[in-house]
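Reader: Please show me the structure and explain how the terms used for it are justified.

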Amino acid sequence: MEENYDLTLIIHRYDPDTKRSWKQTYHLNAGRILRFVDLFRKINEEEDPGLAWNSSCEHGQCGSCSVKINGKPLLACELLVENAVEYFGTTTFEIEPLNVAPVIRDLVTDIEKAYKRVDKVKPYIIQSAPLSEKGEAYSITPDEMAPYINATRCINCFCCASACISSHRGFLGPNAMLASIVRLMDPREMEKIERLRVLYSDQGVCRCHSSHACSFVCPKEIDVAHFIALAKEGRFGSKSQKK
Amino acid sequence: MSKTLKIDSTIRCDVLIVGAGGAGLRCAAEILERRPGCRIIALTKVPHPQKSHTSTAQGGLAAVDPKDPSDKNLFHMFDTWKGSDCTADQNVIKKISEASWEQIVWLENRGMHFSRDHEGRLLKRTFGGHTIRFGESPAYRAVFEADRTGKGINDTCWGETIKRGICFMNQTIATELLFNGNRCVGSIVFKQKEGSFVRILSRATVFATGGIGQVFKVTTNCRQNTGDGLAVALRAGFPIMDPEAIQFHPTGIVGPGILASETLRSVGGILRNRHMEGFMERYAPKMKDLAPRDMVARAIETEIREGRGILNPDHRIEHVWIDLRHLPHSVHEEQIPEVRGFFQKYMNIDPKTQLCPVRPSQHYHMGGIPTNEFGEVQTAFQETVPGFFAIGECASASFHGFNRLGSNSILELITMGKYAGERVLNYMEDADTDLPDEPAEATFSQFSRYVENRGRENIGKIREEMKSLMTENVGVFRNEEKIVRAIEGLADLKKRAGNIPLSSESLIMNQELVERWELDNLLDLSMVIAHASLNRRESRGAHFREDFPERKDAFNHHTLASMTEFGKVNLGKRSVNQCIFEAKEKFYEKFGIIERRY
């Protein structure tokens, strides 16, 4: 196990003022357990304070720092130097912004635009099921929740959307579909028909190629493809619609 | 040649909310539920509201279930009062505790995925300091959503706001408050993506900008928690209440700073120094590693300070070890899987066979912009500022006093968010809409200075020096000599910050420009924290003075610290509300000035 690594980072840059794109190479020596967000900070401190990148919580809970490293979408806060060297078998890393939204500058994308697809599926309860008693919580057992609870862990980092092989522009993408599927499976949601209409529209599950790339890259290890497969199987038919 | 900064446009709205985490979103949802069509603009510095720091809260949400035969609101109020070291305001404690269960139901009904028991009811767990019958036994009072309770709150409130129609401005910061006379009428904001300054005129303005964790070297807080709202309020002449009240968790994981929970010690983990000595035996011969949070934090700091710590070469952070190697396989697998996962993920360490590096990590700021129990901001003279509200971690009402109990912070977010929302609606009934065209002079002189500064300094380096200075001198241990050293150091850093050149004058997504602004915010707040710490010549809750280790009755009040010129701090007081004690009802004596012993 090395103590330090001599790394080469090739970072895709973009200047919105001149509309110029280029690749910039940085050489840095870094300790084995530094994370890639620490490397970006190190570049800002020691070499290039102008390099722009995104992060917030920096421990895998918010999904702000997603980038592509050597082609793989991942969270920069979760990738340690020595793991990256081992996984990719190199000390040279090409880092680019996720291709899910327009780039604003360097590694910062306009993620709000990608979120438009999540907004489209209405990530909330559209029409509440009747309550047995007003002012009370719904009664839902762990067994009832078990089939969908894993899907509620999604942080909308858009790594899955970036890895998805469906190239259709209008496609909702895996994470947006997941947000809708959660509410289709949630007994508190009454409005299933509107959800199914979006899910089975020409922007929905029919665009999925079942490559399972989404499950493969998900930093939260959610089996996204499984939930999409349920939708493809027609598991959320309107018979659960009680009106 | 520097650019001439200008206001690109003026936008009018009913309510401007600055910060879109749990408190800001809950406030917006309340307003929109009560008044559909209300025009709310909510700003967030992060790329999207879902990326807010609230999302990282793990544990739970304290609330007394009216159906629970053993628990009562009064017990929760007592625990909060005692935990605060007699410095929380009892009117606020009462208001928040009594509304707590209703708020849980509100979240559940709107789709939060709370963990359940086998009968389908909300599951509850215990948290340190929460008891029934005034300390008799632990209370099962915290509802939770697995280890992602904050995410549940944030996602649910965000969903409600988009359902009802809100305008978000992401990656946008508020740089200056606007006033018409004494009435707050909005803010100048800077939209990072467009690189444009906008004047937002609003009938009411709510600050919900979050914490200050980045003042310190190791923190559980997000990169974005740079105390912006506090600094902007400070520059507008408002005080910060109890800036010195800062909570440190004893065992943060070196690197990301995240918590290695207390569970590690309760299942038998042993803290060791560089000589492999189990040092807690020296500090707490009986309790050893199970001693209270603040005592453990001070023991770890002492070890580090006296040269028995270990330096992590990669993060350049000194730490001690927590030894979990002797624990049975079943404990690793069943009782501490999450924390084990953190060590594996961020340190490449297997706690079964390797020592784990930990050190005290800044966790929460009890202090903030002073408000009353409705979230209305108060001046240094305790007058309410019309149109200006503050909620969440950036505010201090004060629910937590000088020490916050676990699971009380996210409860505060949602209840104060709701109360402020109600109050905003009432206020707008008679708020005049006569809004002036303020020129934004303060913002422009500040930002053009950043662009014009020349020299050889670097933002990141000065920020790191500040964090070390504050961690070493105004952190877990404080004394006069150290605090004075910090004040001198901060003055020097502020001067050096004037020699930071920006590599680009562009305004579009210029991360450096925003970080330069954040650095000023951090330096200003650090200065206020240091002065308030110096002035409080006693120890109380999380504020520990080595030279004055006891609590003193002479300090039974809040600090109000103002600073309009860097380094010139004015200190005032606000009395602690003791309405429960004064009402003289049953058990009122529990709400007097009591000892904080567990």
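The exchange below takes up the terms one by one.

Author: This is a predicted model, in which local features need pLDDT of at least 70, side-chain atom pairs count only at pLDDT 80 or more, and totals for chains, interfaces and linings use all residues. Residues are numbered from 1 along each chain as its sequence is written, while chains are lettered from A and ligands numbered from 1 in the order in which they are written.

Reader: How do you know that the radius of gyration of chain B agrees with a compact globule?

Author: The radius is taken over C-alpha atoms, and the globule rule is 2.2 Å times the number of residues to the power 0.38. For 598 residues the rule gives a value near 25 Å, and chain B has 23 Å, so the two agree. Along its principal axes the C-alpha trace of chain B spans about 65 × 60 × 45 Å.

Reader: What makes a residue of chain B count as buried, and what percentage of the chain is buried?

Author: A residue is buried if 20 or more other C-beta atoms, placed from the backbone, lie within 10 Å of its own; it is exposed if 12 or fewer do, and partly exposed in between. Buried residues make up 60% of the 598 residues in chain B.

Reader: What is called a helix or a strand here, and how many of each does chain B have?

Author: Both are DSSP runs numbered from the N terminus: helices are H or I with at least four residues, strands are E with at least two. Chain B comes to 16 helices and 21 strands.

Reader: How do you know what span to expect of helix 8 of chain B?

Author: The expected span is 1.5 Å times one less than the number of residues. Helix 8 of chain B has 13 residues and reaches 18 Å from its first C-alpha to its last, close to the 18 Å expected. Its buried residues include B:Val296, B:Ala297, B:Ile300 and B:Ile304. Just after helix 8 of chain B, B:Gly307 takes a positive phi of about 85°.

Reader: What are the domains of chain B, and what makes two residues a contact between them?

Author: The bounds come from an automatic or database domain assignment, which gives domain 1 (249–363) and domain 2 (453–575) of chain B. Two residues are in contact if their C-beta atoms, placed from the backbone, lie within 7 Å. By that rule the contact takes five residues from domain 1 of chain B and four residues from domain 2 of chain B. Helix 8 (residues 293–305) of chain B gives the most to the domain 1 side, with four residues.

Reader: Which residues of chain A and chain B meet, in number and in kind?

Author: In contact are 49 residues of chain B and 53 residues of chain A. Helix 4 of chain B gives the largest share of the chain B side, five residues. That side divides into 13 nonpolar, 21 polar and 15 charged residues. Nonpolar means Ala, Val, Leu, Ile, Met, Phe, Trp, Tyr, Cys and Pro, charged means Asp, Glu, Lys and Arg, and the others, Gly among them, are polar.

Reader: Why are strand 3 and strand 4 of chain A called a pair?

Author: Two strands pair if DSSP finds at least two bridges between them. Strand 3 and strand 4 of chain A have four bridges, in the antiparallel sense; the bridge partner of A:Lys68 is A:Pro73. The two strands form a hairpin with two residues between them, and A:Asn70 in the turn has a positive phi of about 45°.
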